[in-house]
Amino acid sequence: MLCWVGLLAGAWASADKPAAVCPEPDVALVLGSGGAAGLAHIAMLRAFEEQGIRPRVVAGSSIGAIIGTLHAAGMDADEIETLFREFGGSAFNPFAGLFGGNVAPSLRELIEIDLGNGSLLDSNRFVDFVGERTEARTFDDLEMPLSIVATDFWSGEPRVIDAGELLPAMRASMAVPGVFAPVGKGEDLLIDGGASNPLPVDVVGEHDIVVAIDVTGSRRRDSGAPPDISDLLFSSFEIMQQSIIRARLREYPADIYIKPGLDDIRMLHFDRVEEILERSEPAAEELSERLQELIGKRCPESAED
């Protein structure tokens, strides 16, 4: 793939006028909620890098908030992929790498003793693991503006966090109800951002190009056994998210909307990193083509060459 700078600079050059370079595109990147399917965001970041484009701002919800934070902190796609491979190697538990060593954790390590927290799994180990891979501790430490979306449990309204400490914001954004414990912030009790705004296209403001990556799953009709209880629970959550996304996009349409085909990836399938990235390649190629197309329209002289 051609770097947009070289492509556009060459397109301006001619025998009778000096070469000129189009200004760097002002791109906002929105990374959506979707559990392990959100590893597809890594392939999208790689497409940006291959085009030589760096987003001006990033917004993310749930897994999109995690990967968006890492990118805003300066990590490239390869580094983020390596991080997730480090803890995603156990088919028994997608968070196995967080506990150190090669032994998968016991059920006691996974399930919180005090179910009064409203959770089954402890997200602190995961977020702490992510935090150890970057020096950024506050939003001020980031290389680009970042907005993390969570949901206020009491009001049901989205809460945009763009200042203060990073790790509590990440914990709040990924606090899937019933799976991870909610996070207190002042008088608010915050849960997963996907509950209210799974693809936060509305929080980035106006930019030349808004790119939205939707990693919510889809469902295939199966002639075999009916869905089990976990399928019904998580798929129902996806259905609600997709309804929110459709409504949000009607009001705040993205210039580029990408939805990788990852219909059978469940929320905690972090042990399938390689498969998810491979299956995301067609969507990443589509993203590259759309970026080239829209950037070309900003410098129409490039099309004449």
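**View 1. Helix 9 and its bend at Glu281.** In this predicted model, helix 9 bends by about 45° at Glu281, and a proline, Pro282, follows within four residues of that point. The helix runs over residues 273-298. Counting 26 residues, helix 9 reaches 36 Å from its first C-alpha to its last, which sits close to the 38 Å expected at 1.5 Å a residue.

**View 2. The buried residues of helix 9.** Start at Val273, which is buried, and follow the helix through Ile276, Leu277, Ser280, Ala283 and Ala284, buried as well. Further along, the buried set takes in Leu287, Ser288, Leu291, Leu294, Ile295 and Gly296. As a reminder, an α-helix has 3.6 residues a turn, so residues three or four places apart point the same way.

**View 3. The largest nonpolar core.** This core holds 69 residues, and the members touching the most others are Phe84, Val211, Ile213 and Leu287. Helix 9 is the biggest giver here, putting in nine residues. Apart from this core lies another one, of twelve residues, including Val57, Leu199, Val210 and Leu249.

**View 4. Up close with Phe84.** Leave out residues up to four places away in sequence, and Phe84 still touches Leu39, Ile42, Ile63, Ile66, Ile67 and Leu70. Phe126, Phe270 and Val273 are on its contact list too. Val273 is also one of the buried residues of helix 9.

**View 5. The hairpin of strands 3 and 4.** Strand 3 (residues 146-152) and strand 4 (residues 158-161) pair in the antiparallel sense over four bridges. Look for Ala150, whose bridge partner in strand 4 is Arg159. Five residues lie between the two strands of this hairpin, and in the turn Gly156 has a positive phi of about 80°.

**View 6. Thr151, tucked into strand 3.** Thr151 lies in strand 3, and its relative accessible area is just 3%, so Thr151 counts as buried. A polar atom of the Thr151 side chain lies 2.8 Å from the backbone oxygen of Asp192. Setting aside neighbours within four places in sequence, Thr151 is in contact with Gly156, Glu157, Pro158 and Arg159. Its other contacts are Leu189, Leu190, Ile191, Asp192, Gly193, Ala195 and Ser196.

**View 7. Stepping back to the whole protein.** Zoomed out, the protein has ten helices and eight strands. Buried residues make up 50% of its 305 residues. Among contacts between residues at least 6 apart in sequence, 73% join residues at least 24 apart.

Definitions and conventions
Residues are numbered from 1 along each chain as its sequence is written. This is a predicted model: local features need pLDDT of at least 70, side-chain atom pairs count only at pLDDT 80 or more; totals for chains, interfaces and linings use all residues. Side-chain values use heavy atoms; hydrogens and water are left out. A nonpolar core is a set of buried Ala, Val, Leu, Ile, Met, Phe, Trp, Tyr and Cys residues joined through side-chain atoms within 4.5 Å. Buried means under 20% relative accessible area, exposed over 50%, partly exposed in between (1.4 Å probe, protein chains only). Contact means heavy atoms within 4.5 Å. A polar contact is a pair of N or O atoms within 3.5 Å; within protein, one must be able to donate a hydrogen and the other to accept it, and residues adjacent in sequence count only if both atoms are side-chain atoms. Two strands pair if DSSP finds at least two bridges between them. The expected span of a helix is 1.5 Å times one less than its number of residues. The bend at a residue is the angle between axes fitted to the seven residues ending there and the seven starting there.
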